[in-house]
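Here is a short tour of one protein structure, written for someone meeting it for the first time. Have a look at the picture, then read on.

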Amino acid sequence: MSSANSSRRIRAADLQVDPDARPGWEIAEDRIPPKGERVYCTEGEAEVARVCGKTSDGGRILELRILDRQAPPFFAAASNVLVRTQPKTRRTARRKSRDAPGRK
């Protein structure tokens, strides 16, 4: 017997954020957004409520609140969230070179 509720199933593509949806934004794996920063997820624009533990692949878990409607906070992997690209500043470049391996 076949299932009659197949129209209500969630497609896997609907659960992944589309990096092309926001030009100039990047996946949050490389830069973990702090509490209060606006991000983009599969549900739309959200605000980071808190940064939680780690996933099995080493990424972070974020607690998010949707901005445009009343909804309870939910959790998302940082690898499925977009953050604004931060332009590199001289201070950031200096800090990275100072922290480079081999420097004492």
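Arg31 and Glu37 are both buried. Keep in mind that this is a predicted model. The side chains of Arg31 and Glu37 come together in a salt bridge, at 2.8 Å from N to O. Why does Glu37 count as buried? Its relative accessible area is 17%, and the cut-off for buried is under 20%.

Where along the chain is Glu37? You'll find Glu37 in the loop that runs between strand E1 (25-27) and strand E2 (38-41). Glu37 has quite a list of neighbours there: leaving aside residues up to four places away in sequence, it touches Arg31, Ala46, Glu47, Val48, Val83, Arg84 and Gln86. With Arg31, the side chain of Glu37 also makes a polar contact, again at 2.8 Å.

How many salt bridges does a search of the whole structure find? It finds five. Here are some of them, side by side.

| Salt bridge | Distance, N to O |
|---|---|
| Arg31 and Glu37 | 2.8 Å |
| Glu43 and Arg69 | 2.5 Å |
| Arg50 and Glu63 | 2.4 Å |

Let's take the pair Glu43 and Arg69, whose side chains meet in a salt bridge at 2.5 Å. Glu43 sits in the loop between E2 and E3, while Arg69 sits in the loop between E4 and strand E5 (74-77), so this pair ties together parts that are 26 residues apart in sequence. As for exposure, Glu43 has a relative accessibility of 43%, so it counts as partly exposed. Arg69 is partly exposed too, with a relative accessible area of 39%. There's a third member to meet here: Glu43, Asp68 and Arg69 are linked in a network of salt bridges.

Next up is the pair Arg50 and Glu63, with side chains that meet in a salt bridge at 2.4 Å. This pair links distant parts of the chain, with Arg50 in strand E3 and Glu63 in strand E4, 13 residues apart. Are Arg50 and Glu63 buried or partly exposed? Arg50 is partly exposed, its relative accessible area being 43%, whereas Glu63 is buried, at 13%.

Now for the strands themselves. E2 and E3 run antiparallel, joined by four bridges. Together, E2 and E3 form a hairpin, with two residues between them. Which residue of E3 is the bridge partner of Tyr40? That would be Glu45.

Further along, Gly58 turns up in the loop between strand E3 (44-54) and strand E4 (60-66). With a relative accessibility of 45%, Gly58 counts as partly exposed. Gly58 and Glu29 are 29 residues apart in sequence, and their C-alpha atoms are 9.4 Å apart in space.

Finally, a word on cysteines. A disulfide is a covalent bond between the sulfur atoms of two cysteines. How many disulfides does the structure hold? The count is zero. Among the cysteines, Cys41 is buried, with just 2% relative accessibility. Cys52 is buried as well, and its relative accessible area is 14%.

Terms used:
Residues are numbered from 1 along each chain as its sequence is written. This is a predicted model: local features need pLDDT of at least 70, side-chain atom pairs count only at pLDDT 80 or more; totals for chains, interfaces and linings use all residues. Side-chain values use heavy atoms; hydrogens and water are left out. Buried means under 20% relative accessible area, exposed over 50%, partly exposed in between (1.4 Å probe, protein chains only). A polar contact is a pair of N or O atoms within 3.5 Å; within protein, one must be able to donate a hydrogen and the other to accept it, and residues adjacent in sequence count only if both atoms are side-chain atoms. Contact means heavy atoms within 4.5 Å. A salt bridge is a side-chain nitrogen of Lys or Arg within 4 Å of a carboxyl oxygen of Asp or Glu. A disulfide is a pair of cysteine sulfur atoms within 2.5 Å. Two strands pair if DSSP finds at least two bridges between them.
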